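Welcome, and please take a look at the fold below. We will walk through its sheet, its helices, its core and a few backbone details.

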Amino acid sequence: MSLAPDAGLDRETRATLDTIERFQAAFARCDVDGVMAAMTEDCVFESTTPPDGERHVGQAAVRACWEALFATSTDPVFETGETVALGDRAVVRWRYSWAEPGGGRPHVRGLDLFQVRDGRVAEKLSYVKG
């Protein structure tokens, strides 16, 4: 995972990067409990579903999204390309791939816009390259 260098980071930005790192590590492990532990009770997730994504609010709704994603993806691999943060906001570039029956490994590339509150992810808005 690529995080911004520590030099010159204020306390809030460093805390945001730490939170995003914890969230991303749980997501890479497909650890729904770990992902949800890193999110606020009133969390918001906007998916990449075309054309404008779907909005999910609260722990139960967001958990259902992650459970469905990981249950329907064979051998999923989530890779973080770059993370940039300022204050309570972060942008993460990523690549997500999965195995297809009979071979092949399709992928999507995208980015997430995060907002962090009290050491947990409050909002994750996802976008993919079309």
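Contact here means heavy atoms within 4.5 Å. This is a predicted model, in which local features need pLDDT of at least 70 and side-chain atom pairs count only at pLDDT 80 or more, while totals for chains, interfaces and linings use all residues. Residues are numbered from 1 along each chain as its sequence is written, and side-chain values use heavy atoms, with hydrogens and water left out.

**A residue to start from**

With that in hand, what does A90 touch, not counting residues up to four places away in sequence? The partners of A90 are T16, I20, V84, A85, D112, L113 and F114. A90 sits in strand β4; helices (H or I, at least four residues) and strands (E, at least two) are DSSP runs, numbered from the N terminus. Is A90 buried or exposed? Its relative accessible area is 3%, so A90 is buried. The scale used is under 20% relative accessible area for buried, over 50% for exposed and partly exposed in between (1.4 Å probe, protein chains only). By contrast with these contacts, the C-alpha atoms of A90 and E67, which are 23 residues apart along the chain, are separated by 24 Å.

**The sheet**

Six strands make an open sheet in the order β2-β1-β6-β5-β4-β3, and the pairing is mixed. Two strands pair if DSSP finds at least two bridges between them. At the edges stand β2 (55-57) and β3, each with a single partner strand, so one side of each has no neighbour in the sheet. On average, neighbouring strands are turned by 15 degrees against each other, direction ignored.

Both senses of pairing involve β6. With β1, strand β6 (residues 120-128) pairs in the parallel sense over four bridges, and F45 stands opposite K124 in β6. With β5, the pairing of β6 is antiparallel over eight bridges; here D112, one of the contacts of A90, stands opposite S126. β5 and β6 form a hairpin with two residues between them.

**Helices against the sheet**

α1 has 18 residues and reaches 26 Å from its first C-alpha to its last, close to the expected 26 Å. That expected span is 1.5 Å times one less than the number of residues. D10 caps the N-terminal end of α1, with a side-chain oxygen 3.0 Å from the backbone nitrogen of E12. Just after α1, C30 takes a positive phi of about 60 degrees.

α1 lies across β1, β3, β4, β5 and β6, at about 170 degrees to β3. α3 lies across β1, β2, β4 and β6, at about 55 degrees to β1. Axes are lines fitted to C-alpha atoms, for helices over the stretch in contact, and angles run from 0 to 180 degrees between N-to-C directions.

**The core**

Buried residues of α1 include T16, I20, F23 and F27. Which residues touch the most other members of the largest nonpolar core? In this core of 25 residues they are F23, F27, V35, M36, M39 and W66. α1 gives the most to this core, with five residues. A nonpolar core is a set of buried Ala, Val, Leu, Ile, Met, Phe, Trp, Tyr and Cys residues joined through side-chain atoms within 4.5 Å. Leaving out residues up to four places away in sequence, M39 touches F23, V44, Q59, V62, W66, R120 and V121.

**Loops and backbone details**

Most residues other than glycine have a negative phi, and most peptide bonds are trans. The loops hold some departures from this:

| Site | Loop | Backbone value |
|---|---|---|
| P50 to P51 | P51: between β1 and β2 | cis, omega near 0 degrees |
| D75 | between α3 and β3 | phi near 50 degrees |
| D118 | between β5 and β6 | phi near 55 degrees |

At 74% relative accessibility, D118 counts as exposed. D75 also meets R105, a residue of the loop between β4 and β5: the backbone oxygen of D75 lies 2.5 Å from a polar atom of the R105 side chain. The R105 side chain makes a polar contact with the side chain of S97 as well (3.4 Å). A polar contact is a pair of N or O atoms within 3.5 Å; within protein, one must be able to donate a hydrogen and the other to accept it, and residues adjacent in sequence count only if both atoms are side-chain atoms. R105 is partly exposed, with a relative accessible area of 35%.
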